Structure formats: C-alpha cells, structure tokens
Amino acid sequence: MDSSARSADPIIRIAFAFRDAKVLLSAVELDVFTVLADGPLALEELRRQIAIDRRGARDFFDALVALGVLDRDKDGRYRNSPESSFFLDRRKPTYIGAELVHVNAQLYPRWGSLTSVLRTGQAQTGAGAAGNYPAFYSDMVGLSAFLKAMSAATLQPAQALAAKFPWTNYRTVIDIGCAEGCLPVHVARAHPHITGGGFDLPPVRQAFDSYVEGHGLSKRLRFYPGDFFQHPLPGADVLVMGRVLHNWDLAQKKTLLRKAYEAIPADGALIVYERMIDDARREGVMGLLSSLNMLVMTAGGFDYTSADCMSWMREAGFRSLRSETLTSEQSMVIAIK
C-alpha cells in the first residue's frame with residue numbers, strides 16, 4: 001500500500017489518550033461539576049471557586065468543552081453537559097465521581113509502572129494484592145473512600161441486574177464482597193419481597209449498615225462479616241459475585257466458586273459479573289484493560305471470558321449456565337445449582 005494512503009492518527013490518538021483521562025480526573029478532583037450544578041459560571045468565577053491559577057484555567061475548561069463534559073454558551077459561561085450533571089454532581093444519588101477519585105488516586109499513578117510489571121509479573125502495590133485486604137481495610141479513612149468508589153462502580157450494574165434477573169423466582173440474595181451494599185439495596189428497592197444482605201470483611205459493617213439504613217432497608221438487609229477464604233459463605237437463593245473473581249488467581253477463583261456452590265440451595269443461582277473479555281479475545285478491550293489493571297494492582301488476579309467462567313462453574317457442579325449483557329461494559333454469567 002502507498003504510504004500516503006495511511007494515517008498514524010489512530011495510533012497517536014491512543015498514545016495521547018492519557019491526557020483526556022487526566023483532564024477529566026482532575027476536573028472531578030477539583031469538583032468542577034458539583035460547582036457548576038448550581039448554574040453556569042464565567043471563566044473567572046469558575047476559576048476562583050475551584051481555586052486554580054489563571055494561567056491554565058481557560059485551556060482546562062475549554063478542553064473539558066472539547067471532550068464533551070462541559071458546554072460553553074454564547075456569553076462564554078461554562079455549564080455541565082447533561083451526562084456530567086447526572087453522573088458527576090456529588091449531591092445526586094447518581095454520582096459516580098467517587099470511582100473516578102479512586103482511579104485518579106490509586107490506579108492512574110500505578111499504571112505508569114506497567115512496563116516494569118509486564119517484565120517482572122510483580123504487582124506494584126500491596127494495598128489491593130491478594131491476601132492483603134485485611135491490612136488495607138485497617139485504614140478507616142482509605143477504606144471509606146474505597147467503599148464509596150465501589151458503590152459508584154456498582155450503581156449501573158446493580159440497577160441493570162435488578163431489572164434483568166428473574167427475581168420473582170427467588171426470595172433471598174447475598175452479595176459477596178458487598179462494600180456498602182449498593183447491589184442488594186437496589187435489588188431490594190426494586191423487588192419488595194427480596195431480603196438478604198451482603199458479605200464482606202468485618203471493618204465494612206459500619207459503612208454497610210449506614211448505607212442500608214439511609215435507604216430505609218435495615219429490616220430487610222443485614223451484614224454478614226467474614227473472610228471468604230477462611231469462612232463459609234452465607235446461604236441464600238441467589239449469591240452475587242460482582243468484580244470479585246478477577247482479583248484472584250485461578251486456584252482461588254475456583255475455590256470461591258466451589259464455596260458458592262456449597263452455600264446455594266438446590267435450584268439456587270450464582271451470578272458473576274465483570275468486564276468480561278470477549279471469547280475471541282479481539283474486541284473486549286475494557287475486559288482486557290481491566291485484566292491488565294489486575295496485573296498492576298494484585299498478586300495474581302486476571303479477568304476472563306464468559307466461556308472461561310462457565311467452564312469453572314461446570315467444574316464446581318453448576319448447571320444451566322448462560323451469559324447476558326448487563327451494561328455497555330459488563331456482562332453476567334448465571335449458573336443454577
């Protein structure tokens with residue numbers, strides 16, 4: 001092919017995509033979207049309210065306009081896009097900024113070491129590495145931020161799961177690795193007959209109880225403390241493992257699936273959801289990037305395809321397996337005992 005017919009633009013765009021990400025993450029960190037939730041602001045007033053220097057302010061705000069997360073009217077005032085207003089105003093229940101704060105503080109810096117991690121196979125952090133969650137959870141300030149990030153990340157799949165799974169056929173649900181309890185809360189809100197709760201390490205109890213109480217569901221949902229490698233899983237008609245298995249190596253994944261099988265009654269269901277890699281491993285870029293994130297952040301974790309998950313579930317004893325799209329990025333595998 002004639003070289004004049006080729007373009008390096010797609011390659012260059014990927015190479016510089018980190019700048020798009022960092023502009024958005026800094027805007028969330030600076031609370032730009034919550035400040036603008038009260039109405040449009042001119043450049044100087046917006047700059048003053050988020051306390052940044054004049055030098056970069058105009059380029060920063062206009063970059064957010066060019067990225068589509070802000071708009072600028074004919075008078076030069078900045079306002080949130082509809083999506084930013086919905087998802088990035090911290091005063092709204094649809095706020096997902098806590099996850100982006102976590103990405104900015106924890107993931108973004110560590111991805112700079114990807115080349116070293118690929119060479120050594122060794123994670124660059126001990127905070128989330130397999131076996132180190134108890135130590136990580138002992139830092140209550142860090143734990144609070146992490147749990148809020150997990151709720152933000154769970155919001156959309158929880159709403160989708162509440163709508164797509166046939167909950168009328170079941171009465172109880174336990175979310176394994178529940179964090180604040182976002183998933184059981186949204187399932188219980190959508191289905192008044194459902195009871196259950198969430199299972200996580202003991203330090204999570206206070207955050208779970210507060211979140212559940214805030215949604216008026218304390219009589220229907222309770223916290224089950226424990227370590228899922230050291231203790232049996234609580235029983236329920238439906239167990240959910242959302243973005244849990246990818247934290248662990250293959251042997252540990254299989255252990256958790258066997259323990260789930262033992263905890264579920266006959267005809268009960270296990271739901272596993274993740275950013276699944278497509279079975280051909282050609283198009284599921286979010287799943288592949290998530291798996292590389294596990295390489296950076298954990299001792300042995302990795303993401304997987306729906307076919308992989310189904311094979312491990314069959315090995316554990318499950319039957320009637322199926323995979324369904326949950327959100328634009330995440331899929332679920334449902335297995336019946």
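Two strands pair if DSSP finds at least two bridges between them. The legends below rest on a predicted model.

**View 1. Strand S7 sits between two partner strands, S6 and S9.** S7 covers residues 269-274. On one side of the pairing list is S6, residues 238-242, which runs parallel to S7 over five bridges. One residue pair shows the match: Met-241 has Val-272 of S7 as its bridge partner. S9, residues 331-336, pairs with S7 in the antiparallel sense, over six bridges. Here Ile-271 stands opposite Ile-334 of S9.

**View 2. The side chains of S7 point two ways, and both sets are buried.** In a regular strand the side chains alternate between the two faces of the sheet. In S7, Ala-269, Ile-271 and Tyr-273 point one way. Leu-270, Val-272 and Glu-274 point the other way. Is S7 enclosed or open? Six of its six residues are buried, so S7 is largely enclosed by the rest of the structure.

**View 3. Helix H13 links S6 and S7 in a right-handed β-α-β unit.** H13 spans residues 250-263. At 1.5 Å a residue, its 14 residues should span 20 Å. The end C-alpha atoms are 20 Å apart, which agrees. At the N-terminal end, Asp-249 acts as a cap. A side-chain oxygen of Asp-249 lies 3.3 Å from the backbone nitrogen of Ala-251.

**View 4. H13 has a buried side and a face turned away from it.** Which residues of H13 are buried? They are Lys-253, Leu-256, Leu-257, Lys-259, Ala-260 and Ala-263. These residues cover an arc of only 160° around the axis, which puts them on the same side of H13. They pack against S6, S7 and helix H15, residues 306-316. The face turned away carries the exposed residues Ala-251 and Glu-262.

**View 5. Helix H5 is capped at its N-terminal end by Asp-53.** A side-chain oxygen of Asp-53 lies 2.9 Å from the backbone nitrogen of Arg-55. H5 has 13 residues. From first C-alpha to last, H5 reaches 19 Å, close to the 18 Å expected at 1.5 Å a residue. After H5 comes Gly-68, with a positive phi near 90°.

**View 6. One face of H5 is lined by buried residues.** An α-helix has 3.6 residues a turn, so residues three or four places apart point the same way. In H5, the buried residues are Ala-57, Phe-60, Phe-61 and Leu-64. Seen down the axis, they fall within an arc of 95°, so they line one face of the helix. Their packing partners are helices H2 (17-29), H3 (32-36) and H4, plus strands S1 (70-72) and S2 (78-80). On the other side of H5, Arg-55, Arg-58, Asp-59 and Ala-66 are exposed.

**View 7. Two loop residues, Ala-51 and Arg-281, have a positive phi.** Most residues other than glycine have a negative phi. Where is Ala-51 found? Ala-51 is in the loop between helix H4 (43-50) and helix H5 (54-66). Its phi is about 60°, although Ala-51 is not a glycine. Ala-51 is exposed, with a relative accessible area of 65%; the cut-off for exposed is over 50%. Arg-281 lies in the loop between S7 and helix H14 (285-297). Arg-281 is not a glycine either, yet its phi is positive, about 55°.

Notes
Residues numbered from 1 in each chain as written. Predicted model: local features only at pLDDT ≥ 70, side-chain atom pairs only at ≥ 80, totals over all residues. Heavy atoms only, no water. Buried < 20%, exposed > 50% of the residue type's maximum accessible area, 1.4 Å probe, protein only. Helix = DSSP H or I, 4+ residues; strand = E, 2+ residues; numbered from the N terminus. Right-handed = clockwise from strand over helix to strand, strands pointing away. Expected span 1.5 Å × (residues − 1). Arc of directions from axis to C-beta. Contact = heavy atoms within 4.5 Å. Polar contact = N/O pair within 3.5 Å; in protein donor to acceptor, adjacent residues only side chain to side chain.
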